[in-house]
Amino acid sequence: MKILIVDDEEMIRNVLREYVEFEGNEADEAADGMEAVKKCRENDYDLILMDVMMPKLDGFSAVKEIRKEKDIPVIMLSARGEEYDKLFGFEAGIDDYVTKPFSPKEVVARIKAILGRTAPEHPVNKRNVKKFGGLIVDFDGRNVIVDGKKADLTPKEYEVLFFLVKNEGLAISREKLLSNVWGFDFYGDDRTVDTHVKM
């Protein structure tokens with residue numbers, strides 16, 4: 001997922017970027033509303049973290065400009081926690097509102113919640129997906145995600161994992177794995193299964 005972080009305070013951008021990238025997302029930055037609008041015209045983002053009070057163009061005005069061309073989920077970041085400000089934000093079409101000072105972990109949790117609902121290409125929204133705690137197996141996209149990070153597996157490792165997941169709850173013998181994953185014409189050592197299935 002690609003996330004745009006918009007805030008005129010460099011320290012806040014740096015902290016948010018660190019947490020966003022730690023979760024396996026790609027991060028981009030803008031220091032004011034004008035720069036955010038420009039970047040959204042030039043790039044595609046899955047979500048925007050938008051500060052309200054900024055020079056040149058405030059966050060609400062920037063969101064209005066961006067929404068004229070693209071429908072990107074927005075989490076507003078603001079030192080103003082009054083009910084009026086929050087209501088104004090939601091009426092402007094934002095998806096969430098976080099009051100400063102905030103916990104970066106809370107912001108990341110809100111990002112996950114929104115992306116899980118809105119991003120069609122997000123693994124949890126695909127039809128053919130299995131979830132086991134922090135493990136997501138996406139059959140359609142041939143992706144395996146562990147604790148938010150894409151696993152780098154060989155084609156054969158993908159096939160072994162996919163076969164085991166599809167047969168969840170069943171005891172699978174080496175012979176069954178060999179015949180279904182390697183094929184009936186496999187003449188190698190059946191211990192090759194052991195090298196692919198490791199703790």
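This passage describes the nonpolar cores, a small set of strands and the salt bridges of a predicted model.

We may start with the packing of nonpolar residues. The largest nonpolar core contains 21 residues, and L4, V6, I48, M50 and M76 have the most contacts inside it. Two or more residues each are given to this core by strand 1 (2-6), helix 2 (33-42), strand 3 (47-51), helix 3 (59-67) and strand 4 (74-78). Helix 3 supplies the largest share, with four residues. A second core, separate from this one, has 16 residues, among them L49, I75, L77 and V98. Leaving aside residues up to four places away in sequence, V6 touches A30, D32, A36, I48, L49, M50, D51 and M54. As general background, nonpolar side chains in soluble globular proteins tend to be buried together.

Further along the chain comes an open sheet of four strands, ordered 6-7-8-9 and paired in the antiparallel sense. Its edges are strand 6 (129-132) and strand 9 (149-150), each of which pairs on one side only. Strand 9 is joined to strand 8 (residues 143-146) by two bridges in an antiparallel arrangement, and here V146 stands opposite K149 of strand 9. Helix 6 (residues 155-166) lies across strand 6, strand 7 (135-138), strand 8 and strand 9, and runs at about 80° to strand 8.

Turning to charged side chains, the structure holds 17 salt bridges. One of them joins R41 to E69, with 3.1 Å between the closest N and O atoms. This pair links distant parts of the chain, as R41 belongs to helix 2 and E69 to the loop between helix 3 and strand 4, 28 residues apart. R41 counts as partly exposed because its relative accessibility is 48%, whereas E69, at 52%, counts as exposed.

A salt bridge also forms between the side chains of D44 and K70, at 2.9 Å from N to O. Here too distant parts of the chain are linked: D44 sits in the loop between helix 2 and strand 3, K70 in the loop between helix 3 and strand 4, and 26 residues separate them. D44 has a relative accessibility of 58% and therefore counts as exposed.

A pair within one helix is formed by E106 and R110, which both lie in helix 5 (residues 104-118), four residues or about one turn apart. Their side chains meet in a salt bridge of 2.7 Å, N to O. E106 is partly exposed at a relative accessible area of 33%, and R110 is partly exposed at 26%. Finally, a network of salt bridges links R13, R17, E21 and E29.

How values were computed. Residues numbered from 1 in each chain as written. Predicted model: local features only at pLDDT ≥ 70, side-chain atom pairs only at ≥ 80, totals over all residues. Heavy atoms only, no water. Core = buried A, V, L, I, M, F, W, Y, C linked by side-chain atoms within 4.5 Å. Buried < 20%, exposed > 50% of the residue type's maximum accessible area, 1.4 Å probe, protein only. Contact = heavy atoms within 4.5 Å. Pairing = 2+ DSSP bridges. Axes fitted to C-alpha atoms, helices over the stretch in contact; angles between N-to-C directions. Salt bridge = Lys/Arg side-chain N within 4 Å of Asp/Glu carboxyl O.
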